[in-house]
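Subject: Structure for your review

Dear colleague,

Please find below the structure I undertook to pass on to you. My findings follow it.

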Amino acid sequence: MLRVIALLMLLVPLSNTYAGEYNPVLSIGDVAPPWEDLSGTDGKSHSWKDLEGKQAIVAIFTCNGCPYAVDYEPRIKQLAADWKANDKVGIVAVNSNLIEEDSLKAMQERAKSAGFKFPYLKDENQELGKAWGATRTPEFFVLDGDRKVVYMGAMDDDTDASKAKVNYVSQAIEAVLKGKSPEVTETVPIGCNIRYKRTRRR
């Protein structure tokens with residue numbers, strides 16, 4: 001009987017989160033794929049080099065039309081405001097949807113009306129979203145100074161802002177700046193599906 005119990009204990013997960021459990025491409029500890037020449041709502045072209053010197057980077061895959069993404073805009077803006085004074089932290093939002101509501105022009109209008117104070121980039125060919133394994137909007141990734149993924153998934157523990165108690169993204173940033181690994185490294189991303197262009201089978 002004791003042997004059976006011991007075997008069962010070995011099979012029971014030691015943690016609720018596992019690297020790569022919810023992401024089809026990246027695992028915790030992977031170096032995130034860089035981006036080049038992504039158009040921003042500021043009219044400029046953005047690349048990986050814009051983030052040189054940052055010790056913590058937050059990349060947010062989001063969009064204009066998803067109700068979840070819209071609901072999270074105030075929280076994303078607050079996150080950017082909280083870390084604005086810290087030049088070691090970089091925050092970037094990326095839109096990989098191809099529908100008209102998520103065109104660069106529509107993004108520019110949203111960034112202006114919503115008062116975004118962070119880069120909002122258009123992943124026109126959807127290559128970045130696919131390379132990062134992003135599937136939802138909004139979906140959050142936190143990287144360390146070596147551009148390795150230390151956290152990915154949801155921003156916090158409840159889509160209802162009034163009920164959210166744990167901000168996984170902020171905790172990950174704080175851990176990285178202290179040279180530590182966050183306690184929670186991966187959660188299920190909650191939001192609308194990113195609308196990737198379908199490829200025809202031959």
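How many helices and strands are there in the chain? This is a predicted model, and its chain holds five helices and nine strands. Read from the N terminus, the elements follow the order α-β-β-β-α-β-α-β-α-β-β-β-α-β. The chain has 202 residues, 44% of which are buried. Of the contacts between residues at least 6 apart in sequence, 77% join residues at least 24 apart. The exposed area of the chain is about 11,800 Å², with 51% supplied by carbon and sulfur atoms.

As to the interior, the largest nonpolar core comprises 28 residues, and those that touch the most other members are Val58, Leu79, Ile91, Val142, Tyr151, Val169 and Ile173. Among the elements that give two or more residues to this core are strand 3 (56-61), helix 2 (67-83), strand 4 (89-95) and helix 5 (168-177). Setting aside neighbours within four places in sequence, Ile173 is in contact with Ala56, Val58, Leu79, Trp83, Val89 and Val142. Another core, of 20 residues, lies apart from the largest one and includes Leu26, Ala59, Leu128 and Trp132.

Regarding pockets, the largest has a volume of about 360 Å³. It is lined by 22 residues, of which Gly90, Ile91, Lys117, Phe118 and Pro119 are the closest to its centre. Helix 2 and strand 4 are the elements that give two or more residues to this lining. By class, the lining consists of 11 nonpolar, five polar and six charged residues. Ile91 thus appears in both accounts: in the largest nonpolar core and in the lining of the largest pocket.

Kind regards

Terms used: Residues numbered from 1 in each chain as written. Predicted model: local features only at pLDDT ≥ 70, side-chain atom pairs only at ≥ 80, totals over all residues. Heavy atoms only, no water. Core = buried A, V, L, I, M, F, W, Y, C linked by side-chain atoms within 4.5 Å. Buried < 20%, exposed > 50% of the residue type's maximum accessible area, 1.4 Å probe, protein only. Helix = DSSP H or I, 4+ residues; strand = E, 2+ residues; numbered from the N terminus. Contact = heavy atoms within 4.5 Å. Areas by Shrake-Rupley, 256 points an atom, 1.4 Å probe, with all protein chains shown as cover. 1 Å grid on protein atoms, 1.4 Å probe; cavity = no way out; pocket = protein on both sides within 12 Å on 5 of 7 lines; lining within 4 Å. Points joined across faces, edges and corners; volume = space filled by probe spheres on them. Nonpolar A, V, L, I, M, F, W, Y, C, P; charged D, E, K, R; others polar.
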